[in-house]
Amino acid sequence: GLYGIWAFLPIVAMYWVAHYLFASQVAHVSALYQPFLLLLLETGCPPLAAALSLAFVSNLFMTLTPYASAQSAVMLGDRYVSTGEWYKSGFVFMLFYATVWLSVGGIWWRLIGIC
């Protein structure tokens, strides 16, 4: 099996991308937060880093789809952006967030002792 960072990355990524299957942030967090937290803990991830990572990603995935959060539905319903534009920009934001989290965030968490 995978341990440490090699388990952390795919588990958090799966949790993040799984939001495409949910129409609600509350439903997603209620159904998947605990099982994914247990996966992270079982693979040796520090408890605080595991809990905070999933909590932060739970806030970031609201940009993924037009049905990801209540605010998203309002913007889509007002035709502020098209559905296609939303999915494209959601994917770009996901890549941007992941890059920032893995580079700056990883260094910062090491400096302050989270992981």
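In what follows, the axis of a helix is a line fitted to its C-alpha atoms over the stretch in contact, and the angle between two axes runs from 0 to 180 degrees between their N-to-C directions. With that in mind, the axes of helix α2 (residues 25-42) and helix α3 (residues 47-60) come within 10 Å and cross at roughly 155°. Because angles over 145 degrees count as roughly antiparallel, α2 is roughly antiparallel to α3. The model described here is a predicted one, and the protein in it has 5 helices and 0 strands.

**Overall build**

- Read from the N terminus on, the elements of the protein follow the order α-α-α-α-α, which agrees with the count of 5 helices and 0 strands.
- The C-alpha trace of the protein spans about 45 × 30 × 25 Å when it is taken along its principal axes.
- The protein has 115 residues, and 32% of them count as buried, a word that stands here for a relative accessible area under 20%.

**How the helices are arranged**

- The crossing of α2 and α3, whose axes come within 10 Å, is right-handed.
- Helix α3 also packs with α5, at an angle of about 150° and with the two axes 13 Å apart; α3 and α5 are therefore roughly antiparallel to each other, and their crossing is right-handed.
- Helix α5 packs with α1 as well, where the angle is about 150° and the axes are 13 Å apart; the cut-off for roughly antiparallel is over 145 degrees, and so α1 and α5 are roughly antiparallel to each other.
- The crossing of α1 and α5 is right-handed.

**A nonpolar patch on the surface**

- The residues L2, I5, W6, L9 and L102 make a nonpolar surface patch of about 540 Å².
- Helix α1, which covers residues 5-17, gives the most to this nonpolar patch, with 3 residues.
- One of the patch residues is W6, which is found in helix α1 and has a relative accessible area of 61%; since exposed means over 50%, W6 counts as exposed.

**The loop between α2 and α3**

- Two residues of this loop can be set side by side, for T43 lies in the loop between α2 and α3, and G44 lies in that loop too.
- T43 has a relative accessible area of 13% and is buried, whereas G44, at 55% relative accessibility, counts as exposed.
- T43 and F8 are 35 residues apart in sequence, yet their C-alpha atoms are 7.8 Å apart in space.
- For G44 the partner is A7, which is 37 residues away along the chain, and the C-alpha atoms of G44 and A7 are separated by 8.6 Å.

**Residues within α2 and α3**

- L37 has its place in helix α2, and with a relative accessible area of 19% it is buried, because the cut-off for buried is under 20%.
- L37 and W16 are 21 residues apart in sequence, and from C-alpha to C-alpha they are 13 Å apart in space.
- N59 is found in helix α3, where a relative accessible area of 51% makes N59 exposed, given that the cut-off for exposed is over 50%.
- N59 and Q25 are separated by 34 residues in sequence and by 8.4 Å in space, C-alpha to C-alpha.

**A residue with a positive phi**

- Most residues other than glycine have a negative phi.
- R79 is not a glycine, and it nevertheless has a positive phi of about 60°.
- The place of R79 is in the loop between α4 (70-77) and α5 (83-112), and R79 is exposed there, with a relative accessible area of 75%.

Notes
Residues are numbered from 1 along each chain as its sequence is written. This is a predicted model: local features need pLDDT of at least 70, side-chain atom pairs count only at pLDDT 80 or more; totals for chains, interfaces and linings use all residues. Side-chain values use heavy atoms; hydrogens and water are left out. Patches are made of residues with over 30% relative accessible area and no salt bridge: like charges are joined within 9 Å, nonpolar side chains (Val, Leu, Ile, Met, Phe, Trp, Tyr) within 5 Å. Accessible areas come from the Shrake-Rupley method with a 1.4 Å probe; for residues, only the protein chains shown count as cover. A salt bridge is a side-chain nitrogen of Lys or Arg within 4 Å of a carboxyl oxygen of Asp or Glu. Helices (H or I, at least four residues) and strands (E, at least two) are DSSP runs, numbered from the N terminus. Buried means under 20% relative accessible area, exposed over 50%, partly exposed in between (1.4 Å probe, protein chains only). Angles under 35 degrees count as roughly parallel, over 145 as roughly antiparallel, 65 to 115 as roughly perpendicular and the rest as oblique. A crossing is left-handed if the near helix is turned anticlockwise from the far one by less than a right angle, and right-handed if clockwise.
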